[in-house]
Structure formats: structure tokens, C-alpha cells
Amino acid sequence: NSPLAQAAARYASTGEPVPPILDTKVILFRSNDDTIDTSSSSADCDSSSPSICTAKATVATFAGGCFWGIQQAYDDEPGVLATCVGYTQGDNDNAPHPTYAAVCSEETGHTEACLVVFDPTIVTYERLADLFFARVDDPTMLNRVGKDRGTQYRTGLYAHSEEQLRQAREAYDKENRMWKTSGRTVMKEVKRAVSFWPAEEEHQRFLAKGNGRC
């Protein structure tokens, strides 16, 4: 697993969310060759090892239905430094590491989500929230995105700080106002981030590996 996935699992094992800022030595994996293009990043990178950066990187979590597609969308966005798909907002933060099969059975209460680490000097949270809403065809549907149905496909913005929670609510309100004109309400969760369990390696960058589609 990537270092980001390993870090998320360590926090989850203690019942904690990933902190809102990662400002220590962080190994960031990006694209097919597992490197990161740091030419446009504010991260202080070691030129001899460009995948190892000292970065003040911001963390966000989004659940947009099938996590394969939303991860690819964020991986393609300039300023996104690393992503990891996994499971969050389960019924018991202290439960053992959930599996894909258990989450799909709807027994654990988790939703499929994407953990995003980004450089806020390049891409804003507002932009990432816009991408999130663009990924969902009809945000007024509950527990459904496209043909995928079930509580594991419920969608939401999960904030890692008070400021991010404010921004997430603003993004929700902006989207909701557009749908209110047709008498419908956006069915998106806006909550504080909780434990994030990385999904199995086979699900990481699933579409980039040439596997099917969402």
C-alpha cells in the first residue's frame, strides 16, 4: 500500500481521522509510475528524490458513489498530491479494518470514499467540492449514484477542520439552491471526518490500471 494508505490505517486503528494538515516528511505517490510532479507545487521537495516532500498539505475526504471514478477525477486535478480510496463513516470506528465485501453487504455502515491530499496554493477546497458534485449525476438521490445503489454509495463531504466544515456547508448550500428551483433537495452528508480505512490494494487507482469503469 502507498504511504498515504499506511498513514490513514494507523490513524484509523486508534479511532482517529487523518489530521487536517500533513506537515512532516510525506511520501506522495502519484500517477502510474508512482511519482509526483512537484514543478508546480509549493512543497519543499528533495530534488534527488522528488517523491519525498516536506509539504504543508491539506487533507479532505469525499464520498461520491463508486470510489474508483472519484479517485481518478481527483488524480487528474492539478494540485492534488495524493489520493487513497477506502471506507469511512461506519457504525463503529473501533471495529476491525472493514473489507470491500463487508462494506458492500451494508453490514458495517461505511460508505466508499476518497481521501485527498492537496496543495491549497494550487487548488482550493471549493474547486475540489465542485469536482465532487460534478461526479454525481443527480445529487438529490439518496444512497444511489447512477446504477449503484446501497448505503455504501451514499455521498458526502467529510471535513477535517472547522474551516473545512464551513466550506463544505457552503458548497452544499450552493448546490442545494440550484436544485431547490425544481423543488428537490440535495441528499448529501456534510459531517466531520472520522476514521478512514484504506481499501484493498486492488481497488487503489482501479481505473488507471485499465480495469473496467464506474
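In this predicted model, residues 24 or more positions apart account for 78% of the contacts in the protein with a separation of 6 or more. The secondary structure comprises five helices and 12 strands, and buried residues make up 49% of the 214 residues. The accessible surface of the protein amounts to about 10,200 Å², and 49% of this area belongs to carbon and sulfur atoms.

Helix H1 spans residues 3-13, and its buried residues are Leu4, Ala5, Ala7, Ala8 and Ala12. Viewed down the axis of H1, these buried residues fall within an arc of 160°, so they line one face of the helix. Such a pattern can be set beside the geometry of helices in general: an α-helix has 3.6 residues a turn, so residues three or four places apart point the same way. On the other side of H1, Arg10 and Ser13 are exposed, whereas the buried residues of H1 pack against strand S6 (80-88), strand S7 and strand S12 (196-198). After the helix comes Gly15, which has a positive phi, near 80°.

Strand S7, one of the elements against which H1 packs, covers residues 111-118 and includes Ala113. With a relative accessibility of 1%, Ala113 counts as buried. Leaving out residues up to four places away in sequence, Ala113 touches Thr61, Phe62, Ala63, Phe67, Cys84, Val85, Gly86, Thr88 and Phe196. The pairing of Ala113 with Phe196 links positions that are 83 residues apart in sequence, yet their C-alpha atoms are 8.4 Å apart in space.

The largest nonpolar core has 31 residues, of which Phe62, Tyr74, Val116, Phe118, Tyr125, Leu128 and Leu157 touch the most other members. Two or more residues of this core come from each of strand S5 (57-63), helix H2 (67-75), S6, S7, helix H4 (125-135) and helix H5 (162-180), and H4 gives the most, with six residues. In soluble globular proteins, nonpolar side chains tend to be buried together. Leu157, one of the core residues named above, touches Thr61, Phe62, Tyr125, Ala129, Phe132, Phe133, Ala168, Ala171, Glu189, Val190 and Lys191, again not counting residues up to four places away in sequence. Apart from the largest nonpolar core lies another core, of 16 residues, with Val18, Val59, Leu81 and Ala82 among them.

With a disulfide taken as a pair of cysteine sulfur atoms within 2.5 Å, the count of disulfides in the model comes to zero. Cys104 is in no disulfide, and the nearest cysteine sulfur, that of Cys66, is 9.5 Å away. Cys114 likewise takes part in no disulfide, the nearest cysteine sulfur being that of Cys84, at 7.6 Å. The surroundings of these two cysteines can also be described by accessibility: Cys104 is partly exposed, with a relative accessible area of 26%, while Cys114, at 0% relative accessibility, counts as buried.

Two residues in loops, His110 and Arg154, were examined further. His110 lies in the loop between helix H3 (100-104) and S7, and a relative accessible area of 5% makes this residue buried. The side chain of His110 is joined to that of Thr108 by a polar contact of 2.7 Å. Beyond residues up to four places away in sequence, His110 touches Tyr87, Thr88, Gln89, Gly90, Pro98, Val103, Thr151, Gln152, Arg154 and Trp197. Arg154, which is among these contacts of His110, is placed in the loop between strand S9 (148-149) and strand S10 (156-159). Since buried means under 20% relative accessible area, Arg154 counts as buried at 12% relative accessibility. A polar atom of the Arg154 side chain lies 2.8 Å from the backbone oxygen of Gln89, and the backbone oxygen of Thr151 lies 3.0 Å from a polar atom of the side chain of Arg154. When neighbours within four places in sequence are set aside, Arg154 is in contact with Ala63, Thr88, Gln89, Gly109, His110, Thr111, Asn143 and Glu189.

How values were computed
Residues numbered from 1 in each chain as written. Predicted model: local features only at pLDDT ≥ 70, side-chain atom pairs only at ≥ 80, totals over all residues. Heavy atoms only, no water. Helix = DSSP H or I, 4+ residues; strand = E, 2+ residues; numbered from the N terminus. Buried < 20%, exposed > 50% of the residue type's maximum accessible area, 1.4 Å probe, protein only. Contact = heavy atoms within 4.5 Å. Areas by Shrake-Rupley, 256 points an atom, 1.4 Å probe, with all protein chains shown as cover. Arc of directions from axis to C-beta. Core = buried A, V, L, I, M, F, W, Y, C linked by side-chain atoms within 4.5 Å. Polar contact = N/O pair within 3.5 Å; in protein donor to acceptor, adjacent residues only side chain to side chain.
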